[in-house]
Amino acid sequence: MALQDALLEIGSDDEVTVDGESLDVADILRAQPTPDNCGVEVTTCARQSGWCATRARVLRTRTLRVRDGAATAKHLTQLSKRLSPDAPHKVLVVVNPAGGTGRAQKVFERDVAPVFYAANIEADVVVTKAQGDAMERCRVVAAAPQVTYDGVVVVGGDGTLSEVVRGLADGASTLADPEQRLRSIRVAHCPGGTGNACHASVASAGGDVIGSAVDVAYNVARGFSCSMGLVRYEFGERRPPFISFLAMEWGLVADVDLGSEGFRWLGALRTTLAAIWYILRLKRHRATLSWLPCTQPARKGGLFAPSRLPPLGAPLPPPWRTERRDATYQLMMACNVSHVDETTPMAPAAGLDDGAIHLVFTRLRPGFLA
């Protein structure tokens with residue numbers, strides 16, 4: 001790459017200037033001198049500007065002319081690392097090539113791997129071949145005496161991420177302090193499936209572009225993280241508890257999800273077409289819905305702590321509330337995060353770690369839906 005006719009001026013610890021153009025140091029992933037030491041190669045992952053450009057980050061490498069390439073590269077590297085004290089050194093990448101329209105492998109190779117290479121992050125890549133592969137691998141990772149990875153990066157859909165989360169929880173449950181182990185393993189979701197609800201919820205909360213795997217890879221490289229609550233669903237004695245990050249669906253939404261499984265090749269269109277079909281053939285379900293109102297601030301229970309829920313079928317003490325006994329519903333969702341896919345904020349008020357479950361339902365009343 002030919003040297004640009006430009007000089008690099010280092011100003012404050014937050015920005016550098018190239019020909020009068022400000023460059024955020026936080027966008028710099030790599031800086032290294034040219035072989036003749038008369039320039040420096042700078043790799044950035046910055047948001048694009050301009051009225052016709054998207055806000056998603058783009059990886060770009062430029063060679064800039066400077067007086068001392070080695071000294072400039074060293075200084076830029078020090079400034080960049082100072083802004084990322086929690087940047088990972090080694091991650092496990094789980095790629096599900098069968099998720100959604102089958103584009104996860106391409107997403108990793110095109111959008112994620114180049115960012116990790118620029119940030120000098122070592123990645124062990126596991127490509128799943130069958131259902132349960134991701135869960136078993138993550139179970140082993142979480143149960144190990146010592147944590148060998150700084151995090152797990154999932155390139156796939158919400159189903160793959162669910163396997164990863166349940167595998168980590170199962171593995172951690174074998175240790176003396178399972179919650180501490182879970183907190184020590186960060187998890188990132190790159191969109192590679194159909195819905196990508198977890199990715200959409202995190203991106204929405206963090207101000208990133210929904211659907212951009214480059215944005216996710218950049219956040220991983222920088223070590224940015226936030227807390228997300230997990231939910232343990234209990235079903236009495238019929239089946240063991242189920243760990244989830246997303247939502248519990250019942251009625252119409254569950255019909256759409258399950259009924260469109262055979263049309264994954266359509267991508268996100270699969271759920272839209274299925275929703276139209278099932279709305280036209282709307283089913284009615286009878287149930288009794290009870291809930292415990294959320295206090296402020298919400299009480300957060302441990303994921304592995306004994307259950308505080310009354311047994312199913314037992315009388316509910318105050319302040320539990322019952323919507324209506326044996327009422328007719330069309331759909332019901334217990335949402336832990338805001339989005340159920342990249343375009344649908346089903347529970348927009350839901351926070352990532354607010355300690356609450358947000359109920360969304362439609363109940364039939366005489367003459368109309370409420």
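Visitor: Which residue stands opposite Val152 in strand 9?

Guide: That's Leu92. Strand 7 (residues 90-95) and strand 9 pair in the parallel sense, over 5 bridges; strands pair if DSSP finds at least two bridges between them. Strands here are DSSP E runs of at least two residues, and helices are H or I runs of at least four, numbered from the N terminus. By the way, this is a predicted model: local features need pLDDT of at least 70, side-chain atom pairs count only at pLDDT 80 or more, and totals for chains, interfaces and linings use all residues. Residues are numbered from 1 along each chain as its sequence is written, and side-chain values use heavy atoms, leaving out hydrogens and water.

Visitor: What pairs with strand 9 over 6 bridges?

Guide: Strand 10 (residues 186-191), again in the parallel sense. There, Val155 stands opposite Cys190.

Visitor: Which way do the residues of strand 9 point?

Guide: In a regular strand the side chains alternate between the two faces of the sheet. Here Gly151, Val153 and Val155 point one way, while Val152, Val154 and Gly156 point the other way. All are buried, meaning under 20% relative accessible area (exposed is over 50%, partly exposed in between; 1.4 Å probe, protein chains only).

Visitor: And which residues of helix 1 are buried?

Guide: An α-helix has 3.6 residues a turn, so residues three or four places apart point the same way. In helix 1, the buried ones are Gly69, Thr72, Ala73, Leu76, Leu79 and Ser80. They cover an arc of only 130° (from the directions from the helix axis to the C-beta atoms), which puts them on the same side of helix 1. The face turned away carries exposed Lys74, Lys81 and Arg82.
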